[in-house]
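Work through the exercises below with the sequence and the coordinates open. Each one sets a task and then gives a solution in steps.

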Amino acid sequence: MKYRTLFVASAGLAMTASLSGCGLNSVPTQEENAKAKWADVENYYQRRADLIPNLVATVKAAGAQEKSILVEVTQARAGANQVKLSADQLNDPAKVAAYEKAQSNVTLSLQRLQEAYPELKSQANYATLMDQLEGTENRISTARHDYNGAVQSYNTTIRTFPDAIGAKIFYGAKPLVPFKATTPGAEAAPTVNFGNSN
């Protein structure tokens with residue numbers, strides 16, 4: 001009786017050890033890890049889809065506002081240069097008034113530019129956009145790399161002994177597909193267009 005109890009306990013221990021080595025825990029753990037890594041990839045694609053168009057719109061709006069200020073200054077300068085007042089015309093009140101108005105427009109435009117100067121942020125906005133583009137693409141690249149590493153680990157686990165036994169018998173596990181850059185669709189980086197004709 002003593003030998004029988006010892007044999008049953010040994011057999012139970014051996015069976016437990018063999019089952020634990022057959023992928024009962026490692027296969028689903030590795031599969032869930034790969035799925036979580038893919039969710040990270042999708043998360044960063046969604047981040048890019050949400051963030052980049054909004055940043056581009058912000059940069060375009062700031063650039064348009066600044067462009068209008070700079071165009072106004074340029075036009076005022078050009079208008080002031082077109083109005084000439086010679087020494088012979090100093091006795092004509094209309095000519096003097098036109099000259100003073102042209103010069104005043106330049107002064108007002110320059111004052112507006114000076115007042116708006118602390119608010120002129122298009123250069124900083126472009127720099128922020130570039131940083132965000134680079135950061136987003138780096139996050140996506142890292143997430144795809146991590147996913148492919150998790151897929152490789154999972155696929156290796158379900159194909160190697162002894163985990164392959166449990167993977168086939170208990171889970172019917174099939175290899176996961178790694179990310180490939182040739183896939184068309186949502187994986188394509190968005191085009192950044194500021195409305196330039198070039």
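**Exercise 1. The fold in outline**

Which pattern does the protein chain follow when read along the sequence?

Solution. The model is a predicted one. Read along the sequence, the chain gives α-α-α-α-α. That agrees with the element count, which is 5 helices and 0 strands. Next, look at the contacts with a separation of 6 or more: 80% of them are between residues 24 or more positions apart. Finally, consider the surface. Of 198 residues, 21% count as buried. The chain exposes about 13,800 Å², and carbon and sulfur atoms supply 57% of that area.

**Exercise 2. The salt bridges**

Find the salt bridges in the whole structure and state how many there are.

Solution. The search finds 3.

Step 1: start at Glu31. This residue forms a salt bridge with Lys35, with the closest N and O atoms 3.8 Å apart. Both residues lie in helix α2, 4 residues apart, about one turn of the helix.

Step 2: move to Glu32. Its side chain meets that of Lys35 in a salt bridge of 3.9 Å, N to O. Glu32 and Lys35 are 3 residues apart in helix α2, so they are separated by about one helical turn.

Step 3: combine the two pairs. Glu31, Glu32 and Lys35 are linked in a network of salt bridges. As for exposure, Glu31 has a relative accessible area of 24% and is partly exposed. Lys35, at 44%, is partly exposed, and Glu32, at 46%, is also partly exposed.

Step 4: take the remaining pair. Arg48 forms a salt bridge with Glu137, the closest N and O atoms being 2.8 Å apart. This pair links distant parts of the chain, with Arg48 in helix α2 and Glu137 in helix α4, 89 residues apart. The C-alpha atoms of Glu137 and Arg48 are separated by 8.1 Å.

A general point applies here: side chains of opposite charge can pair when their charged atoms come close.

**Exercise 3. Buried or exposed?**

Decide whether Arg48 is buried, partly exposed or exposed, and do the same for its partner Glu137.

Solution. The cut-off for buried is under 20% relative accessible area, and exposed means over 50%. Arg48 has 3%, so Arg48 is buried. Glu137 has 29%, which lies between the cut-offs, so Glu137 is partly exposed.

Now apply the cut-offs to Thr136, which lies in helix α4. Its relative accessible area is 1%, so Thr136 is buried. Its side chain makes a polar contact of 2.5 Å with the side chain of Arg47. Leaving out residues up to four places away in sequence, Thr136 touches Tyr44, Arg47, Arg48, Leu51 and Ile52.

**Exercise 4. The nonpolar cores**

Which residues make up the largest nonpolar core?

Solution. The core has 9 residues: Ala34, Val41, Tyr45, Ile140, Ala143, Tyr147, Ala150, Val151 and Phe179. Helices α2 and α4 each supply at least two residues of this core. Helix α4 gives the most, with 5 residues. Apart from this core lies another, of 6 residues, among them Ile52, Val56, Val59 and Leu133.

For the surroundings of one core member, take Ala143. Not counting residues up to four places away in sequence, Ala143 touches Lys37, Asp40, Val41 and Tyr44.

In soluble globular proteins, nonpolar side chains tend to be buried together.

**Exercise 5. Nonpolar residues outside the cores**

Locate Trp38 and state which residues it touches, not counting residues up to four places away in sequence.

Solution. Trp38 lies in helix α2, residues 26-82. Its relative accessible area is 26%, so Trp38 is partly exposed. Trp38 touches Tyr147 and Phe179, again not counting residues up to four places away in sequence. Trp38 and Val151 are 113 residues apart in sequence, with their C-alpha atoms 9.4 Å apart in space.

Which residues form a nonpolar patch on the surface? They are Phe161, Ile165, Ile169, Phe170 and Tyr171, with about 560 Å² of accessible area together. Ile169 lies in helix α5, residues 163-171. At 61% relative accessibility, Ile169 counts as exposed.

Key. Residues numbered from 1 in each chain as written. Predicted model: local features only at pLDDT ≥ 70, side-chain atom pairs only at ≥ 80, totals over all residues. Heavy atoms only, no water. Buried < 20%, exposed > 50% of the residue type's maximum accessible area, 1.4 Å probe, protein only. Contact = heavy atoms within 4.5 Å. Areas by Shrake-Rupley, 256 points an atom, 1.4 Å probe, with all protein chains shown as cover. Polar contact = N/O pair within 3.5 Å; in protein donor to acceptor, adjacent residues only side chain to side chain. Patch = residues over 30% accessible without salt bridge, like charges linked within 9 Å, V, L, I, M, F, W, Y side chains within 5 Å. Salt bridge = Lys/Arg side-chain N within 4 Å of Asp/Glu carboxyl O. Core = buried A, V, L, I, M, F, W, Y, C linked by side-chain atoms within 4.5 Å.
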